[in-house]
Amino acid sequence: LVEPGTMFNEDQQQLDFRVMKTFRFGKARLQGLVDIYNVLNASTVTTINQSFGNNWLKPQAIVNARYLRFGGQFDF
C-alpha cells in the first residue's frame with residue numbers, strides 16, 4: 001500500500017485574463033469587460049482514481065477548457 005502523504009497530483013496552473021474599459025456619458029458610466037479563463041488551455045488533472053485495481057491513478061477530471069465571458073455594467 002502507498003503511505004499517506006507520499007503521492008501528490010501535479011500543481012494546477014491556470015491563467016485568467018480580464019480586459020475592462022469605462023466610458024463616461026455625462027453623469028452616466030458604462031463599463032464593458034471581457035474575461036478569458038484558462039488562457040493557456042492547460043489540461044491539468046484535478047481528480048484521479050485512488051482505488052487499487054486496473055484503473056488506479058487514471059484521470060477522472062481535468063481543468064475546464066478555455067472560454068470567454070462578456071459583460072457590462074451601466075451606472076446612472
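Of the 76 residues in this protein chain, 14% count as buried. Bear in mind, as you look around, that the model is predicted. The chain holds five strands and zero helices, and its order from the N terminus is simply β-β-β-β-β. The radius of gyration is 21 Å, well over the 11 Å that the globule rule gives for 76 residues, so the chain is more spread out than a compact globule.

**Overall dimensions and surface**

- Measured out along the principal axes, the C-alpha trace would fill a span of about 70 × 20 × 20 Å.
- About 6,600 Å² of the protein chain is exposed, and 54% of that area comes from carbon and sulfur atoms.
- Looking at contacts with a separation of 6 or more, 51% are between residues 24 or more positions apart.
- For those setting up electrostatics, the chain has 8 positive and 6 negative charges, and the mean positions of the two groups lie 18 Å apart.

**Strand pairing**

- Strand 1 (residues 17-25) and strand 2 (residues 28-37) run antiparallel and are joined by nine bridges.
- Within this pair, valine 19 has valine 34 of strand 2 as its bridge partner.
- Two residues sit between the strands of this hairpin, and glycine 26 there adopts a positive phi near 65°.
- Strand 2 also pairs with strand 5 (residues 67-75), again in the antiparallel sense and over nine bridges.
- Here glycine 32 finds its bridge partner in glycine 72 of strand 5.
- As background for reading these strands, side chains in a regular strand alternate between the two faces of the sheet.

**Loop residues with positive phi**

- Asparagine 38 lies in the loop that links strand 2 to strand 3 (45-48).
- The phi of asparagine 38 is near 55°, which is a positive value in a residue other than glycine.
- Is asparagine 38 buried or exposed? With a relative accessible area of 1%, asparagine 38 is buried, because the cut-off for that class is under 20%.
- Leucine 57 belongs to the loop between strand 3 and strand 4 (59-62).
- Leucine 57 is a residue other than glycine with a positive phi, in this case near 70°.
- The relative accessibility of leucine 57 is 34%, so this residue counts as partly exposed, a class that runs between the 20% and 50% limits.

How values were computed: Residues numbered from 1 in each chain as written. Predicted model: local features only at pLDDT ≥ 70, side-chain atom pairs only at ≥ 80, totals over all residues. Heavy atoms only, no water. Helix = DSSP H or I, 4+ residues; strand = E, 2+ residues; numbered from the N terminus. Rg over C-alpha atoms; globule rule 2.2 N^0.38 Å. Buried < 20%, exposed > 50% of the residue type's maximum accessible area, 1.4 Å probe, protein only. Contact = heavy atoms within 4.5 Å. Areas by Shrake-Rupley, 256 points an atom, 1.4 Å probe, with all protein chains shown as cover. Lys, Arg positive; Asp, Glu negative; His and termini not counted. Charge placed at Lys NZ, Arg CZ, Asp CG, Glu CD. Pairing = 2+ DSSP bridges.
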